[in-house]
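Here's a quick tour of one protein chain, written for someone just getting started with structures. Keep the 3D view open and follow along.

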Amino acid sequence: MKTVFFLILFSLIAALPGVSQTIGYQMKYDDPYDINKLFVHFIPLYGDVAATNMTIGYGFQIDYYHLNKFDFTFHARKSYGARTDLMRDAAEKNTGNSNTNSPNVYNMIELGGTWHWKDFEAEKESKVFLYSKKDKGARWESMVVQTTAIIGKVRNIYGARLGGMFYNTSFDMNRALTKQEVTLSDASGNPIDNTATLFGNVKSSGVYLGASMAWFRNFSLEFESKYEPGGDDLLLTTYFDILFASVKVEDIVYQNVVYSANPIDVNNIGFRLGIQGKYNRALSWGYGAEIGYRPSVKTQSFFMLLKLSFPILGSDLKYSKIDSVEQE
């Protein structure tokens, strides 16, 4: 049900309500292959709601496209601080009958690439927003979005994805012990105090393998009417990955005694469904979302991520060469 809800949410975002009409236009430029090669994202805000931990923070991302055959992505993010890192904050505040492990700061790092095993161009209908400086007052106050349908080129990319990932976080150890119906013991077999408030640390490192579908539009046009010039340069990618990782749970230190975390069961395999959108401009913004199950502590693997990128700096990596003139 959660996956279905997420797909519905994607559909609502992609299909904004509006009134469509037919307007004459002249295409000035239409080339979905003429895109920037490098995009540098600053992510001022992300929200990660997970069964293991809930965090809000920032990050950055780099996307590089190589010869219409591959693209590569590096992504990193972390929480703003303890107050936006729920389990870490709870662990730091519980200084009474609690374990003394230093709680992990939430961090997530990914590096991966996509091979474009099928990359082709097709003509499809697109919707363009209509805007006129002459429209004032009640027309804009009504908040009715007007669009027109145009036929333009769309670049379709089917990709194969491969990459590596790492993350660490704090989590509620008591909840894991209760759900898994296990307990922790020291080297002598003595069980830990069942009244203790326990917070654990988990680290996960591994690889992902998946597939993607992308649709690139990059056109501009002029209308044969009062409307301002328009266009579309959205680069939209959806993907599905299988996640494989080595998951390690740190032993618990309680009242100077070490209790093994071996009884805690983990999931070494997970999956995610995601979407990412950005624009082919020198300065723009973008968005992304994911849902799935991370390799993590068993019963605490579900997660949902939303992120906003602004600004995104784009470059075609083509720099004009200025020939020096030798003066006599």
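Take the contacts in the chain between residues at least 6 apart in sequence: 77% of them join residues at least 24 apart. Keep in mind that this is a predicted model. The chain has 328 residues, and 43% of them count as buried.

**The overall picture**

- If you count up the pieces, you get four helices and 18 strands.
- About 17,900 Å² of the chain is exposed, and 59% of that comes from carbon and sulfur atoms.
- The structure also holds twelve salt bridges, and a few of them get their own section below.

**Strands side by side**

- β15 and β16 run antiparallel and are joined by eight bridges.
- Those two strands, β15 and β16, make a hairpin with three residues between them.
- To find the pairing in the 3D view, look for Gly277, which sits opposite Tyr287 in β16.
- β16 is also joined to β18 by ten bridges, and again the two strands run antiparallel.
- Here a handy marker is Ala289, which stands opposite Leu306 in β18.

**Salt bridges that link parts of the chain**

- Lys278 and Asp63 meet through their side chains in a salt bridge, at 3.4 Å from N to O.
- This pair links distant parts of the chain: Lys278 is in strand β15 (residues 269-279) and Asp63 is in strand β4, 215 residues apart.
- Are Lys278 and Asp63 buried or exposed? Both Lys278 and Asp63 are buried.
- Next up are Asp241 and Arg161, whose side chains form a salt bridge at 2.8 Å, N to O.
- Asp241 belongs to strand β11 (residues 234-249) and Arg161 to strand β7 (residues 146-172), so this salt bridge ties together parts that are 80 residues apart in sequence.
- Asp241 has a relative accessibility of 0%, so it counts as buried.
- Arg161 comes in at 12% relative accessibility and counts as buried too, because the cut-off for buried is under 20%.
- Glu290 and Arg272 make another salt bridge, with their closest N and O atoms 3.5 Å apart.
- Glu290 is in strand β16 (residues 283-293) and Arg272 is in strand β15, so the pair ties together parts that are 18 residues apart in sequence.
- Glu290 and Arg272 are both buried.
- Which residues are linked in a network of salt bridges? They are Glu110, Arg161, Asp241, Arg272 and Glu290.

**A close look at Asp48**

- You'll find Asp48 in strand β3.
- Its relative accessibility is 1%, so Asp48 counts as buried.
- The Asp48 side chain makes a polar contact with the side chain of Arg77, at 3.3 Å.
- Another polar contact, this one of 2.9 Å, joins the side chains of Asp48 and Tyr106.
- Leaving out residues up to four places away in sequence, Asp48 touches a list of residues including Asn53, Met54, Thr55, Arg294, Phe303, Met304 and Leu305.

**A close look at Arg88**

- Now for a helix: Arg88 is found in α2, which covers residues 86-93.
- Why does Arg88 count as buried? Its relative accessibility is 15%, and buried means under 20%.
- The C-alpha atoms of Arg88 and Ser102 are separated by 9.0 Å, and these residues are 14 apart along the chain.
- Setting aside neighbours within four places in sequence, Arg88 is in contact with Ser79, Gly81, Ala82, Pro103, Asn104, Val105 and Ser170.

**A nonpolar patch on the surface**

- Time to check the outside: Phe42, Leu45, Ile56, Tyr58, Tyr80, Trp285, Leu308 and Phe310 make a nonpolar surface patch of about 750 Å².
- Which strands each supply at least two residues of the nonpolar patch? They are β3 (38-50), β4 (54-66) and β18 (302-315).
- One member of the patch is Ile56, and this residue is found in strand β4.
- Ile56 has a relative accessible area of 37%, so it counts as partly exposed: that label covers values between the buried cut-off of 20% and the exposed cut-off of 50%.

Notes
Residues are numbered from 1 along each chain as its sequence is written. This is a predicted model: local features need pLDDT of at least 70, side-chain atom pairs count only at pLDDT 80 or more; totals for chains, interfaces and linings use all residues. Side-chain values use heavy atoms; hydrogens and water are left out. Patches are made of residues with over 30% relative accessible area and no salt bridge: like charges are joined within 9 Å, nonpolar side chains (Val, Leu, Ile, Met, Phe, Trp, Tyr) within 5 Å. Accessible areas come from the Shrake-Rupley method with a 1.4 Å probe; for residues, only the protein chains shown count as cover. A salt bridge is a side-chain nitrogen of Lys or Arg within 4 Å of a carboxyl oxygen of Asp or Glu. Buried means under 20% relative accessible area, exposed over 50%, partly exposed in between (1.4 Å probe, protein chains only). Contact means heavy atoms within 4.5 Å. A polar contact is a pair of N or O atoms within 3.5 Å; within protein, one must be able to donate a hydrogen and the other to accept it, and residues adjacent in sequence count only if both atoms are side-chain atoms. Two strands pair if DSSP finds at least two bridges between them.
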